[in-house]
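User: I'm new to this one and would like a close look at a single part of it. Could you walk me through what you find?

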Amino acid sequence: MTAARARHILSGSRGEGYIDTAIKILIAVVLGALLLAGLYALFGETVLPTLVQRIKEMFNYAG
């Protein structure tokens, strides 16, 4: 009984196909790229200029 059940489970064709996995990977890559592009834009235009200005003010001993 157990051997027949195991054989039936192992011979089953249920489960994910290659197309499903490829689509999931593609979606993950696109979302990751969008997230990185958003972070790069945020840090490039907002955070880094402010950071550079603060560092210059911090080391400006003459003034």
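To start with, what percentage of the 63 residues in the protein is buried? After that, please zoom in on leucine 39 and its surroundings.

Analyst: Sure! Keep in mind that this is a predicted model. Buried residues account for 0% of the 63 in the protein. The accessible surface comes to about 6300 Å², and 69% of that belongs to carbon and sulfur atoms.

Now for your residue. The protein has 2 helices and 0 strands, and leucine 39 sits in helix H2, which covers residues 18-58. H2 is 41 residues long and spans 56 Å from its first C-alpha to its last, close to the expected 60 Å. It isn't perfectly straight, though: H2 has a kink of about 40 degrees, centred on phenylalanine 43.

How open is leucine 39 itself? Its relative accessibility is 37%, so it counts as partly exposed, because that class lies between 20% and 50%.

Leu39 also helps make a nonpolar surface patch of about 1000 Å². Phe43, the centre of the kink, belongs to that patch too, and other members include Leu35, Leu36 and Leu42.

How values were computed. Residues are numbered from 1 along each chain as its sequence is written. This is a predicted model: local features need pLDDT of at least 70, side-chain atom pairs count only at pLDDT 80 or more; totals for chains, interfaces and linings use all residues. Side-chain values use heavy atoms; hydrogens and water are left out. Patches are made of residues with over 30% relative accessible area and no salt bridge: like charges are joined within 9 Å, nonpolar side chains (Val, Leu, Ile, Met, Phe, Trp, Tyr) within 5 Å. Accessible areas come from the Shrake-Rupley method with a 1.4 Å probe; for residues, only the protein chains shown count as cover. A salt bridge is a side-chain nitrogen of Lys or Arg within 4 Å of a carboxyl oxygen of Asp or Glu. Helices (H or I, at least four residues) and strands (E, at least two) are DSSP runs, numbered from the N terminus. Buried means under 20% relative accessible area, exposed over 50%, partly exposed in between (1.4 Å probe, protein chains only). The expected span of a helix is 1.5 Å times one less than its number of residues. The bend at a residue is the angle between axes fitted to the seven residues ending there and the seven starting there.
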